[in-house]
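Subject: Handing over the structure

Hi,

Here is the structure I promised to pass on. Could you open it before reading the rest?

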Amino acid sequence: MCAHVLVAEDDEMQAELIRRSLLLEGHAATVVHDGRAALEAARLHRPDLVVLDLMLPVLDGFGVCRELRRDDDVPVLMLTARNTEDDVLLGLELGADDYMTKPYSPRELMARIRTVLRRSGRAAERREDPVLRAAGLAVDPVRHEVRCEGRPVVCTPAEFEILLAMAGEPDRVFTRHQLLHRTRGLDRASTERAIDVHIMNLRKKLEADPRRPVRLLTVFGVGYKLNSAAA
């Protein structure tokens, strides 16, 4: 069963671990780090499942679940560092389908996700295409393929991870640190300047004029974003 899973987790290392585990399971994943972004991503991508941390900034997991339940029946698996009975009961009363208490193993989380997806039948019913599409790009996390306006684009593993992150959240500005985390992780020696090189190489492959990019834009002093208006 291939599903699109929205991960709302403010801890970037935990979020990346979940994202990579989902990809290994054959799922597509969109990652956000605050509650408001979670609601926006849910409305934009219509995921098959939301993995929702309770302790999110801007809007906490309870608030996100409450808002989701007003107009959607998407399954919600809550993650919490608090295992008091009141927290668990409130989450379930708001409509969460399951919950896990931190710390947890990625293997156990994937098993819970499979159970919730199977029980909901949402992914099977929709047969949603896992390919992420934005700015004339199609990024396939299952086949590990990229197309630009229909033509295949050969990418290195790091370039693919950058496009996968950006296509999952078009118009979001990613810092170099965040993109480095997506491509190599924080436990390996590298520098944020390596991201500039990857972006430069991607522009050569994706832009009509790499010196005047319209897809992969620089946000000076911050980082890079994928321009959804480009096509």
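Below is what I found, beginning with one helix and its neighbours.

First, the ground rules. This is a predicted model, in which local features need pLDDT of at least 70 and side-chain atom pairs count only at pLDDT 80 or more, while totals for chains, interfaces and linings use all residues. Residues are numbered from 1 along each chain as its sequence is written, and side-chain values use heavy atoms, with hydrogens and water left out.

Let's start with α9, residues 193-206. (Helices are DSSP runs of H or I with at least four residues, strands are runs of E with at least two, and both are numbered from the N terminus.) Its 14 residues should span 20 Å at 1.5 Å a residue, and the end C-alpha atoms are indeed 20 Å apart, so the two agree. The expected span here is 1.5 Å times one less than the number of residues.

Which residues of α9 are buried? They are Ile195, Asp196, His198, Ile199, Leu202, Arg203 and Leu206. Because they cover an arc of only 160° around the axis, they sit on the same side of α9; the arc is that of the directions from the helix axis to the C-beta atoms. Arg193 and Lys204, on the other side of α9, are exposed. (Buried is under 20% relative accessible area, exposed is over 50%, and partly exposed is in between, with a 1.4 Å probe and protein chains only.)

Two helices pack against α9. Helix α7 (residues 157-168) does so at an angle of about 80°, with the axes 10 Å apart, which makes α7 roughly perpendicular to α9. Axes are lines fitted to C-alpha atoms, for helices over the stretch in contact, and angles run from 0 to 180 degrees between N-to-C directions. Under 35 degrees counts as roughly parallel, over 145 as roughly antiparallel, 65 to 115 as roughly perpendicular and the rest as oblique. On the α7 side, the contact is made by Ala158, Glu159, Ile162, Leu163 and Met166; among the α9 residues in it are Ile199 and Leu202. (Contact means heavy atoms within 4.5 Å.)

Helix α8 (residues 176-183) also packs against α9 at about 80°, with the axes 9 Å apart, so α8 too is roughly perpendicular to α9. Here Arg176, Leu179, Leu180 and Thr183 of α8 meet Arg193, Ile195 and Asp196 of α9.

One buried residue of α9, Arg203, also turns up in the contacts of Leu217. Leu217 lies in strand β11 (residues 216-219), and its C-alpha atom is 9.4 Å from that of Arg203, 14 residues away along the chain.

Next, a strand residue. Thr80 belongs to β4 (residues 76-80) and counts as buried because its relative accessibility is 2%. Leaving aside neighbours within four places in sequence, Thr80 is in contact with Leu54, Met100, Thr101 and Lys102.

Lys102 leads to a backbone oddity: its peptide bond to Pro103 is cis, with omega near -5°. Pro103 is in the loop between β5 (98-101) and α5 (106-120). Most residues other than glycine have a negative phi, and most peptide bonds are trans.

Two loop residues have a positive phi without being glycine. Val58, between β3 (49-53) and α3 (61-71), has phi near 70° and, at 70% relative accessibility, counts as exposed. His144, between β7 (137-140) and β8 (145-148), has phi of about 60° and, at 44%, counts as partly exposed.

Cheers
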